[in-house]
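This report describes selected features of a single model, with attention to its ligand sites. The sequence and structure are shown first.

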Amino acid sequence: MGPPGAGKGSQSTKIVKKYNMPSISTGQMFRDAYNNNDPIGIEAMKFIKNGNLVSDEITNGIVRTRLLRDDAETSFLLDGYPRTVAQAIALDGMLDDMHTSLDAVINILSSHDVLFERMEQRRVCKTCDATYHLRFKKPQEDGVCDLDGGELYQRLDDTHESVMRRLEIYESKTKPLLDYYSNKGILYNVNGMQSFDKVYDDIILVLEDIK
Ligand code: AP5
Ligand code: MG
Ligand code: ZN
């Protein structure tokens, strides 16, 4: 968990490599569906581009389907889900059905001015979704992905207005979830305003400690 731009996606990519598990990002699933002209993606993008949340019903539906795939049977990482108390309750139901539960909820903390800077300078690869930052993680060649030569683009929801709306929604709808998980005793806070590697090391310390 963490506000928009905190580094959830950047850290997930590395964590799932280490632990060999799938990363399930609802935002990424919506963007992929939109890029594939899937009706759910087109519907979702109407909300996403203005910084609003997609409905709980649609979001819970795509997660439920995704969790049933074989690769999520033993372990998985959720990025950007749940984001409302209703989603957290729905997730508990799905996990009960799977006879499992969450081991840890990692919350990446960051201040608003850092978040604005990060999102406005973010660029993403059209082909492989790798994320860059024009200052902190520059591609070797402007506009081109280092990994596969794919074209880099700016997300539709990384405009100043949309980022403001996303932060507002984070404060009102998503932050209350921190209490939900803190009460369950599985919430771990990590300082996201450090280097990529330091944030990663702090997360791994938590995960190794609870193993
Ligand atoms: P989603 O895709 O989840 O976006 P988000 O939560 O707004 O978060 P971001 O992906 O923008 O940021 P991030 O934390 O992944 O940061 P990143 O690693 O990229 O959701 C998008 C939209 O989809 C939502 O607004 C909503 O409309 C919809 N949606 C998704 N899930 C939903 C749900 N459950 N319910 C309803 N609707 C839902 O990093 C950001 C930038 O900073 C990058 O450029 C990166 O290179 C840089 N950076 C990261 N870490 C560092 C560091 N340590 N130092 C320097 N730079 C850094
Ligand atoms: Mg992300
Ligand atoms: Zn790429």
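Aspartate 148 has a relative accessibility of 36% and is therefore classed as partly exposed, since that class lies between the 20% limit for buried and the 50% limit for exposed residues. The model is a predicted one. Cysteine 128 belongs to the partly exposed class as well, because its relative accessibility is 31%.

Both residues take part in a metal site. The zinc ion (ligand 3) has as its protein donors Cys125 (SG), Cys128 (SG), Cys145 (SG) and Asp148, the last of which is listed with OD twice. These donors lie 2.2 to 2.7 Å from the zinc ion. Along the chain, the donors of the zinc ion follow the spacing C-x2-C-x16-C-x2-D. Cysteine 128 and aspartate 148 link distant parts of the chain, being 20 residues apart. Cysteine 128 sits in the loop between β4 (122-125) and β5, while aspartate 148 sits in the loop between β5 and β6 (152-153).

Strand β5 (131-133) also contributes to the surroundings of ligand 1, where it supplies at least two residues of the shell, as do α1 (8-19), α2 (26-35) and α6 (112-120). The largest share, four residues, is that of α2. There are 35 residues around ligand 1, and those that come nearest are Ser10, Asn52, Arg83, Arg122 and Arg166. Sorted by class, the shell consists of 12 nonpolar, 15 polar and eight charged residues.

Backbone atoms of the protein approach polar atoms of ligand 1 at the following positions.

| Residue (backbone atom) | Atom of ligand 1 | Distance |
|---|---|---|
| Lysine 8 (N or O) | oxygen | 2.8 Å |
| Glycine 80 (polar atom) | nitrogen | 3.0 Å |
| Tyrosine 132 (N or O) | oxygen | 2.9 Å |

On its own, ligand 1 has 1000 Å² of accessible area, and the protein covers 97% of this.

Arginine 83, one of the residues that come nearest to ligand 1, is also a partner of threonine 174: the side chain of threonine 174 reaches the backbone oxygen of arginine 83 at 2.8 Å. Threonine 174 is part of helix α7 (residues 160-174). With residues up to four places away in sequence left aside, threonine 174 touches Met1, Arg83 and Ile169. Its relative accessibility is 5%, so threonine 174 counts as buried, the limit for that class being under 20%.

Terms used: Residues numbered from 1 in each chain as written. Chains lettered and ligands numbered in written order. Predicted model: local features only at pLDDT ≥ 70, side-chain atom pairs only at ≥ 80, totals over all residues. Heavy atoms only, no water. Near = heavy atom within 4 Å. Polar contact = N/O pair within 3.5 Å; in protein donor to acceptor, adjacent residues only side chain to side chain. Areas by Shrake-Rupley, 256 points an atom, 1.4 Å probe, with all protein chains shown as cover. Nonpolar A, V, L, I, M, F, W, Y, C, P; charged D, E, K, R; others polar. Donors = N, O, S within 2.8 Å, 3.2 Å for Na, K, Ca; no water. Buried < 20%, exposed > 50% of the residue type's maximum accessible area, 1.4 Å probe, protein only. Contact = heavy atoms within 4.5 Å.
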